[in-house]
Amino acid sequence: MESETLSRQEGFDDRVPDWWPYAPEFPDWHVWRGVAGLLYARRPRSSPPKVVRGKTTVDLRDQIRLAEVPR
């Protein structure tokens, strides 16, 4: 039985929203637009869970950068 799998790049391209220009910089983050228009990002399988939000793509990018700084 043949297994159909997508390479990371192929699967990655399918999930990236058109409005998120920083996808190559943050490939491990999942981003989405909330109901009220805020932008959200989360890093799957992180412990503790990392979830950030911002009003603009630049603000969201900055929040992700802050979340990735080791503490």
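This report describes aromatic contacts, one helix and the salt bridges in a predicted model.

Residues are numbered from 1 along each chain as its sequence is written, and side-chain values use heavy atoms, with hydrogens and water left out. Local features need pLDDT of at least 70 and side-chain atom pairs count only at pLDDT 80 or more, while totals for chains, interfaces and linings use all residues.

**Aromatic residues**

The structure holds 4 aromatic pairs. Rings of Phe, Tyr and Trp (its six-membered ring) pair if their centres lie within 6.5 Å; planes under 30 degrees apart are called stacked, over 60 edge-to-face, and the rest tilted. One of the pairs joins W20 and Y22 in an edge-to-face arrangement, with 5.4 Å centre to centre and 75 degrees between the planes. W20 also pairs with F26, here tilted, at 6.5 Å centre to centre and 35 degrees between the planes.

Burial is judged by relative accessible area: under 20% is buried, over 50% is exposed, and values in between are partly exposed (1.4 Å probe, protein chains only). W20 is buried at 5%, Y22 is buried at 18%, and F26 is buried at 4%.

W19, W20, Y22 and F26 form one aromatic cluster. The ring of W19 has a further partner: the charged end of R33 sits over this ring, 4.7 Å from its centre. A charge counts as sitting over a ring if NZ of Lys or CZ of Arg is within 6 Å of the ring centre and within 35 degrees of the ring normal.

**Helix α2**

Helices (H or I, at least four residues) and strands (E, at least two) are DSSP runs, numbered from the N terminus. Helix α2 spans residues 57-67, and its residues L60, R61, I64 and A67 are buried. These residues lie on the same side of α2 because they cover an arc of only 125 degrees around the axis. The arc is taken from the directions from the helix axis to the C-beta atoms. An α-helix has 3.6 residues a turn, so residues three or four places apart point the same way. The cover over the buried residues of α2 includes β1 (30-33), β2 (39-43) and β3 (50-54), where contact means heavy atoms within 4.5 Å.

**Salt bridges**

A salt bridge is a side-chain nitrogen of Lys or Arg within 4 Å of a carboxyl oxygen of Asp or Glu. The count comes to 4 salt bridges, and the table lists some of them.

| Pair | Closest N to O |
|---|---|
| E25 and R65 | 2.6 Å |
| R43 and E68 | 3.2 Å |
| D62 and R61 | 3.1 Å |

E25 and R65 link distant parts of the chain, 40 residues apart: E25 is in the loop between α1 (8-15) and β1, and R65 is in helix α2. E25 is partly exposed at 39% relative accessible area, and R65 is partly exposed at 38%.

R43 lies in strand β2 and E68 in the segment after α2, so their bridge ties together parts that are 25 residues apart in sequence. R43 is partly exposed at 27%, and E68 is partly exposed at 33%. Both residues belong, with D28, to a network of salt bridges.

In the bridge between D62 and R61, D62 is partly exposed, with a relative accessible area of 30%, whereas R61 is buried at 17%. R61 is also one of the buried residues of helix α2.
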